Amino acid sequence: MKFVYDFSEGNKDLKDLLGGKGANLAEMTNLGLPVPPGFTITTEACRAYLRDGDHVDGLAAEIDEHLTALERQMGRRLGDADDPLLVSVRSGAKFSMPGMMETVLNVGLTDASVAGLSRQAGGNDRFAWDSYRRLIQMFGKTVCDVPGHEFEDALHEAKTAKGVTDDVQLDAADLRELVAAYKKVFAEHTGHEFPQDPRDQMDQAVAAVFRSWNADRAVLYRRQERIPTDLGTAVNVVAMVFGNLGADSGTGVAFTRDPASGEQGVYGDYLANAQGEDVVAGIRNTLALAELEKLDKRSYDELMRIMATLEGHYRDLCDIEFTIERGKLWMLQTRVGKRTAAAAFTIAAQLVDEGVIDLDEALTRVTGAQLGQLMFPRFDLAGDPSALTRGVGASPGAAYGEVVFTSERAVEAAAGGKPVILVRRETNPDDLPGMIAANGILTSRGGKTSHAAVVARGMGKTCVCGADQVAVSGTTFTVGETVVEEGDVISIDGTTGRVYLGEVPVRPSEVVQYFEGDLDPARANDPLVAAVHRILTHADSRRALRVRTNADTGTDAARARRFGAQGIGLCRTEHMFLGDRRELVERLILARTDTDRDAALAALQPLQRADFLEIFREMNGLPVTIRLIDPPLHEFLPSLEELAVRVAVQHEHGRRDEHDERLLAAVRRMHEQNPMLGLRGVRLGLVIPGLFAMQVRAIAEAAVALAAEGGAPRPEIMVPLVGAVQELETVRAEAERIIAEVIGDSPVEILIGTMIEVPRAALTAGQIAEAAEFFSFGTNDLTQMAWGFSRDDVEGAFFWRYLELGIFGISPFESIDADGVGRLVRIATEEGRAARPGLKLGVCGEHGGDPDSVRFFHEVGLDYVSCSPFRVPIARLEAGRAAVDTDGSDHR
């Protein structure tokens with residue numbers, strides 16, 4: 001196995017092996033651009049090092065061979081006392097991870113070679129000692145874990161003693177003393193002197209870069225960016241070129257377009273008499289790149305030509321690092337540059353207009369995650385507010401308002417025109433009115449799949465969950481010594497999870513205004529909005545997956561349709577039993593006779609019919625999948641603890657409330673240790689006579705009513721939690737009888753299908769398909785049951801540790817577990833369609849709006865995905881991207 005490649009041996013397509021930096025250095029070398037000579041130690045070597053330790057068979061010999069060739073090419077030897085070769089040792093993973101891993105410059109410099117370096121620079125002692133102090137500082141921090149502030153303190157003391165504020169004002173003598181101070185710091189923390197063997201320095205630096213792949217910050221960054229943990233990093237060993245040789249030298253970064261907005265122009269920073277780390281560290285104020293033209297026009301003009309060459313070659317925004325050494329320009333790195341979501345769409349559209357790429361490729365240049373960022377309001381953080389605390393960013397957006405602690409108070413305050421933030425330990429279905437009324441929701445418990453998170457995302461409501469420093473008590477919450485009372489204003493960021501005291505200004509999303517039809521006409525030709533429209537329209541033309549929405553009200557349905565939804569994939573009927581209707585549900589549960597039960601159901605039916613008619617009207621002509629009631633009925637009753645205390649207090653005061661006592665008896669009778677695996681879904685419909693029948697009749701009557709108005713209803717009845725075909729057959733027989741009775745001669749057609757959310761249903765899909773006209777995968781419950789996780793508990797309990805250990809790259813509730821849960825989906829798809837070739841297949845769990853999951857569902861061959869209204873455009877985009885990628889085109 002070959003572990004080391006010269007730059008002339010690689011190219012930009014070898015990122016898996018050479019990492020992004022090494023592959024692009026090789027590509028620039030092959031283009032004939034001015035790149036310092038060097039070689040790349042591969043990601044395979046890194047993986048072998050992390051697996052086997054220091055002694056990777058054959059690696060040292062290969063490094064020797066390439067180092068010797070580099071020395072021959074440069075006419076210098078590493079660390080030679082009279083004419084030293086110095087090298088930089090830099091990380092470079094396949095995916096860009098800016099600042100997450102390590103770099104060491106000036107490797108090979110020793111006490112013996114400082115004078116030789118000075119002679120190389122024409123007797124520039126200051127440059128030589130400046131380079132040496134930089135090596136000791138970077139080597140100490142990176143290789144030996146010496147606290148960085150120790151070096152910074154020593155530098156500060158040196159400047160103070162000299163009476164200067166900038167390190168460039170220190171002369172050679174000052175820097176020589178600083179080197180001595182740095183070496184003392186190094187020895188005190190490591191127990192040994194700074195290494196004087198140049199090759200030992202290089203080997204230690206290479207090993208440190210390998211180890212930095214598993215540094216905490218790199219692990220956290222990979223987790224955030226969903227970068228696989230097993231890739232490893234390459235190491236680039238490059239002959240040093242020096243930007244700190246004086247006023248005619250310097251270093252900088254440049255972008256071929258503005259990475260913030262996508263606008264064309266000259267963007268970047270330049271710092272004279274400096275090395276690259278000075279720009280990144282921000283220890284000195286940089287100049288705008290345009291100022292370089294005044295300082296060194298020849299280098300500036302050459303840089304502009306190279307930037308144009310690179311953008312034309314890579315056909316994208318390029319991020320460039322360069323150094324000027326005494327008027328000679330050197331290219332140290334290029335990569336396809338990171339950019340904001342707005343810039344990603346704008347640049348993709350620009351490149352189409354310029355004839356550089358086509359619309360298919362433009363579609364691959366943007367992501368659903370980026371579109372999601374553009375759809376939520378954002379805080380204007382120009383004032384740099386300090387965060388009070390931080391939780392889990394569960395539903396993106398920016399919201400501020402007065403703190404309220406109950407659903408009732410939220411509704412009351414919102415009705416009075418006040419923006420509010422509902423703060424709870426956790427939410428439950430009773431809080432839904434307050435959640436709807438609030439600008440945002442903050443909870444101290446729960447994660448991204450908690451009740452608050454799921455409901456908030458469905459409503460497009462900003463939500464921060466799991467802010468465990470928030471201690472809620474009555475009408476206050478505390479964070480440390482800070483007390484926040486009801487009525488105080490806070491701001492929450494559902495993207496970062498940050499919570500701020502006071503009102504942080506909010507900017508609305510132009511993209512959402514465009515979808516809603518509310519965009520200011522003056523911004524109709526906004527380049528970003530135009531780019532989003534153009535690319536999303538193309539995605540619609542390319543995608544095979546249809547995109548529906550999860551919606552329970554006419555308002556949500558109307559909004560989803562404006563956002564491009566092609567129907568409703570999940571209408572949760574349980575939300576229709578809350579609020580004022582809870583009393584009717586209590587009557588149903590407490591019914592002692594068939595007559596009492598039938599009366600309660602009869603009272604609920606017209607309310608349900610009205611709900612369905614409203615939704616059918618908004619989705620006229622499009623399919624609407626209605627899930628029959630799913631959760632256990634006792635969730636609609638007061639909690640056992642609360643009710644037991646209330647009754648006990650009544651008894652203590654010699655009072656008895658027959659209604660409360662009957663309620664308590666019912667709650668005790670229906671109480672379950674694990675209600676998610678108990679009497680719910682189809683089981684509830686089979687145990688409570690008439691419950692499903694009432695819902696089916698309401699659906700059919702609403703459909704007939706709309707048809708009579710001249711509409712085109714397309715209802716689909718979904719039976720939840722089916723695990724055996726016999727359950728579905730029983731419900732279906734009753735449903736068909738009721739539908740036939742209600743419809744009569746009406747042209748209405750109603751499909752009957754089931755939700756595949758129990759593993760047994762997936763494994764017996766061939767049987768179930770005989771009785772189902774469609775399947776909808778409920779991936780929330782399917783994930784819960786396949787893994788044996790309680791989705792309401794596990795995120796806060798141990799998911800953080802699983803993510804930390806790399807057991808999960810991402811929560812399986814957030815992105816589909818393709819190997820496990822995904823295999824169940826594949827089995828059910830294949831066996832269901834084998835039994836019923838025309839079987840309609842969709843997904844309605846939270847994964848329906850997750851970009852990676854959408855691509856998986858496309859590959860499996862589902863007909864549609866369903867997601868919350870605000871995620872409909874994201875799913876449309878990702879479905880189009882998946883279709884383009886499946887075509888196998890070369891989209892670079």
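**Close-ups of a predicted model**

**View 1. Asp885 and Arg855 meet in a salt bridge.** In this predicted model, the side chains of these two residues come together with an N to O distance of 2.1 Å. The link spans distant parts of the chain, with Asp885 sitting in helix 35 (residues 872-886) and Arg855 in helix 34 (residues 851-860), 30 residues apart. Arg855 is buried at 18% relative accessibility, whereas Asp885, at 37%, counts as partly exposed. Elsewhere, salt bridges with shared partners tie Arg315, Asp316, Arg339, Glu361 and Arg365 into one network.

**View 2. Arg534 reaches Asp353 in another salt bridge.** Here the closest N and O atoms are 2.7 Å apart. Arg534 belongs to helix 20 (residues 527-542) and Asp353 to helix 13 (residues 341-353), so this pair ties together parts of the chain that are 181 residues apart in sequence. How accessible are the two partners? Arg534 is partly exposed, at 30% relative accessibility, and Asp353 is exposed, with a relative accessible area of 56%. For context, the count of salt bridges in the model comes to 57.

**View 3. Within helix 28, Arg732 pairs with Glu736.** This one is a local affair: both residues lie in helix 28 (residues 725-743), four residues apart, or about one turn of the helix. Their side chains form a salt bridge at 2.8 Å, N to O. Buried or exposed, where does Arg732 fall? Arg732 is buried, with a relative accessible area of 15%, while Glu736 counts as partly exposed at 38%.

**View 4. Phe616 sits among the best-connected residues of the largest nonpolar core.** That core has 147 residues, and those with the most contacts inside it are Phe345, Met375, Phe616, Leu691, Phe775 and Leu877. Helix 27 (residues 691-708) supplies the largest share of this core, twelve residues. What does Phe616 touch, once its neighbours within four places in sequence are set aside? The list runs to Val624, Ile626, Ile699, Ala702, Ala703, Leu706 and Pro715. There is also a second, separate core of 61 residues, and Leu85, Tyr132, Val146 and Ala239 are among its members.

**View 5. Glu102 is a buried residue in a loop.** The loop in question runs between strand 5 (87-93) and strand 6 (103-107). Glu102 has a relative accessible area of 17%, so it falls in the buried class. Its side chain makes a polar contact of 3.5 Å with the side chain of Thr142. Leaving out residues up to four places away in sequence, Glu102 touches Val89, Arg90 and Ser91, along with Thr142, Ala208, Val209, Ser212 and Arg217.

**View 6. Strands 11 and 12 form a hairpin.** Strand 11 (residues 318-325) runs antiparallel to strand 12 (residues 328-336), and the two pair over eight bridges. For a handy landmark, look for Thr323, which stands opposite Trp330 in strand 12. Which residue in the turn has a positive phi? Two residues separate the strands, and Arg326 in the turn has that positive phi, at about 50 degrees.

Notes. Residues are numbered from 1 along each chain as its sequence is written. This is a predicted model: local features need pLDDT of at least 70, side-chain atom pairs count only at pLDDT 80 or more; totals for chains, interfaces and linings use all residues. Side-chain values use heavy atoms; hydrogens and water are left out. A nonpolar core is a set of buried Ala, Val, Leu, Ile, Met, Phe, Trp, Tyr and Cys residues joined through side-chain atoms within 4.5 Å. Buried means under 20% relative accessible area, exposed over 50%, partly exposed in between (1.4 Å probe, protein chains only). Contact means heavy atoms within 4.5 Å. A polar contact is a pair of N or O atoms within 3.5 Å; within protein, one must be able to donate a hydrogen and the other to accept it, and residues adjacent in sequence count only if both atoms are side-chain atoms. Two strands pair if DSSP finds at least two bridges between them. A salt bridge is a side-chain nitrogen of Lys or Arg within 4 Å of a carboxyl oxygen of Asp or Glu.
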